[in-house]
Amino acid sequence: MDNNRRAKLDSYFKAFSVLSDGNYVFICDMQEDVSRWSKSAVDYFDLPDEYMQNAGSIWEEHIHPDDREKYRSDIAALFAGSSEGHVLQYRARARDGNYVACTCKGTVLKNENGEPEYFGGSIKNHGLLSYIDTVTGLRSMYGFLDDVKSICWNYQVSNIILLGISSFSQINDMYGYNFGNSVLRELGNTIVKNFGSKCSFYRMDGPKFAVITNKLSTDELDEIYREFKISITQNFYVDGEKIIISMNAGLVTVDNFSLSSDTIVSCLKYAYYESKERKLGEMFRFQNRINDDNKHYIEKINMIRTSVIEGCKGFFLCYQPIINAENEELKGMEALLRWHNDEYGIVPPDQFIPVLEQDALFPKLGNWILKQAMLDGKVIVDKYPDFIVNVNISYAQLQHKHFLTNLFHLLNETGFPSKNLCLELTERCRLLDIDMLKSLFSKIKMGGIKVALDDFGTGFSSIGVLRVLDIDTIKVDREYVKNIEQSETDKNTVKCISNLAGTFSADICVEGVETSNMRDILKGYDVRSYQGYYYSKPIRFEDFKKKYL
């Protein structure tokens with residue numbers, strides 16, 4: 001290798017090292033097939049040197065035989081120019097002869113002719129993470145994640161349960177953290193005792209535990225959990241103190257091994273929160289979402305999740321107009337997410353958002369939605385300065401530590417005026433602490449952004465929220481107006497909400513306006529805007545422009 005290429009290899013290595021976040025770094029000169037690897041990786045895996053010729057073949061010898069075929073095909077695709085990078089999980093042999101789970105993420109750097117020139121990335125060694133929880137002595141979350149990967153690698157049909165306590169913070173507040181740890185230890189012991197020797201057990205984040213088994217059926221697990229839940233509710237003692245706790249549990253069956261482990265975990269979290277929020281703690285099986293028209297729901301989620309990783313490929317926005325009730329002129333539009341795939345067609349968000357909200361990837365999708373809505377909306381705002389663009393915000397975005405930074409960065413990047421943006425709080429935001437929401441939205445309002453409370457009358461929307469948060473618009477859910485032409489109850493409901501909104505200086509937007517008669521009835525109330533199929537269904541932006549501009 002000549003000195004110029006060596007210097008370039010080293011400079012790339014240094015750049016990747018800055019971004020490695022403690023992982024092993026590698027850079028390969030694909031034309032010379034010479035690589036440089038982190039010294040720590042050389043020592044841990046007993047590699048020949050930091051600089052290696054034909055490092056791909058050398059590294060393949062360290063990869064578990066069952067994982068080599070996938071690795072080999074990925075590397076071949078990279079060198080053939082048919083792939084621009086990969087995210088690959090495999091087991092690699094360390095110096096001591098034991099295999100550790102690794103995740104390799106790499107990307108191809110092309111030359112000015114568009115030809116692959118360098119391949120660089122990082123390898124995370126999961127074997128360096130703590131696999132034993134110090135509080136309970138059970139396997140930790142890292143061990144759980146590796147065992148889920150192992151299930152997929154070994155094509156082992158398994159059932160996975162996520163269990164947890166509601167309101168565990170109250171126990172810590174009442175008795176202190178040391179006692180809280182004693183509760184977790186005793187609960188872990190009780191779970192192990194009840195589910196038995198046919199399972200593996202893990203302490204997850206906070207007051208949650210996981211159970212993995214390939215020997216017990218879902219019906220058997222459901223029965224064990226039912227008895228365990230009754231027993232622990234009535235007879236759970238710690239240090240002689242009777243503790244009243246409420247359990248929740250979600251279950252996922254892994255029988256499709258093309259799924260990523262991250263997809264499985266996201267579905268498991270979704271099932272857990274369905275148990276907690278909607279099923280009064282009863283075991284919720286993820287398969288409950290599957291019906292005769294949709295037998296491959298988890299595969300769809302896996303594909304959608306992959307689309308987010310690949311730059312939100314296949315996602316697009318539709319827009320539904322918001323109409324001024326006084327003059328029936330266009331007032332704004334609501335951005336509504338859709339996903340399209342050749343196999344599944346167009347998929348509405350209610351089929352995937354609740355699951356993806358449990359995924360660490362979700363803020364990336366949320367930022368894409370915000371940016372696309374701003375770019376589209378700016379076209380209209382430049383012509384109509386009072387036009388408002390409404391964008392739904394998930395609780396998963398709001399709880400992300402960089403949400404505000406990303407939000408104001410996107411406004412600056414797109415040049416979209418903050419006064420023309422309205423963020424709609426979705427129903428699942430009820431999962432967040434109300435004091436945190438109050439602090440967050442005071443900063444949002446200081447930035448000139450409007451806030452709407454969506455689906456008023458459902459779980460999250462309440463008078464208590466209106467008292468705490470500075471809301472600009474209350475959106476009345478279509479369920480409360482769909483029978484307004486015949487129902488006095490619906491009419492009284494709209495009247496009541498309208499009066500309530502006035503008390504809090506908020507405007508009313510009624511969703512689900514389907515007919516001219518519904519519109520005429522609503523004119524008798526203090527409603528400021530309409531939204532519904534009478535005016536337009538959600539349409540793509542090009543069609544929106546043709547219709548309204």
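Reader: How many of the residues count as buried here?

Author: Of the protein's 549 residues, 51% are buried, meaning under 20% relative accessible area, with exposed over 50% and partly exposed in between (1.4 Å probe, protein chains only). Keep in mind that this is a predicted model: local features need pLDDT of at least 70, side-chain atom pairs count only at pLDDT 80 or more, and totals for chains, interfaces and linings use all residues. Residues are numbered from 1 along each chain as its sequence is written, and side-chain values use heavy atoms, with hydrogens and water left out.

Reader: OK, which residues touch the most other members in the largest nonpolar core?

Author: Those are Phe 144, Phe 352, Leu 365 and Ile 444, in a core of 100 residues. A nonpolar core is a set of buried Ala, Val, Leu, Ile, Met, Phe, Trp, Tyr and Cys residues joined through side-chain atoms within 4.5 Å.

Reader: And what does Ile 444 touch?

Author: Leaving out residues up to four places away in sequence, Ile 444 touches Phe 403, Leu 404, Leu 407, Leu 423, Ile 449 and Val 451. Contact here means heavy atoms within 4.5 Å. There's also a second, separate core of 31 residues, with Val 135, Val 211, Leu 221 and Leu 251 among them.

Reader: Switching to helices. Which residues of α6 are buried?

Author: Phe 168, Ile 171 and Asn 172 are, in the helix that runs over residues 168-175. Helices (H or I, at least four residues) and strands (E, at least two) are DSSP runs, numbered from the N terminus.

Reader: Why are they on the same side of α6?

Author: Because they cover an arc of only 95° around the axis, going by the directions from the helix axis to the C-beta atoms. On the other side of α6, Gln 170, Asp 173 and Met 174 are exposed.

Reader: What covers the buried ones?

Author: The cover includes β7 (158-165) and α7 (177-195). Right after α6 comes Gly 176, with a positive phi near 100°.

Reader: New topic: how many disulfides?

Author: Zero, counting a disulfide as a pair of cysteine sulfur atoms within 2.5 Å. Take Cys 152: the nearest cysteine sulfur, in Cys 267, is 12 Å away. Cys 152 is also buried, at 9% relative accessible area.

Reader: Why is there no bond for Cys 199?

Author: The closest cysteine sulfur, in Cys 152, is 18 Å from the sulfur of Cys 199, so that's too far for a bond. Cys 199 counts as buried as well, at 11% relative accessibility.
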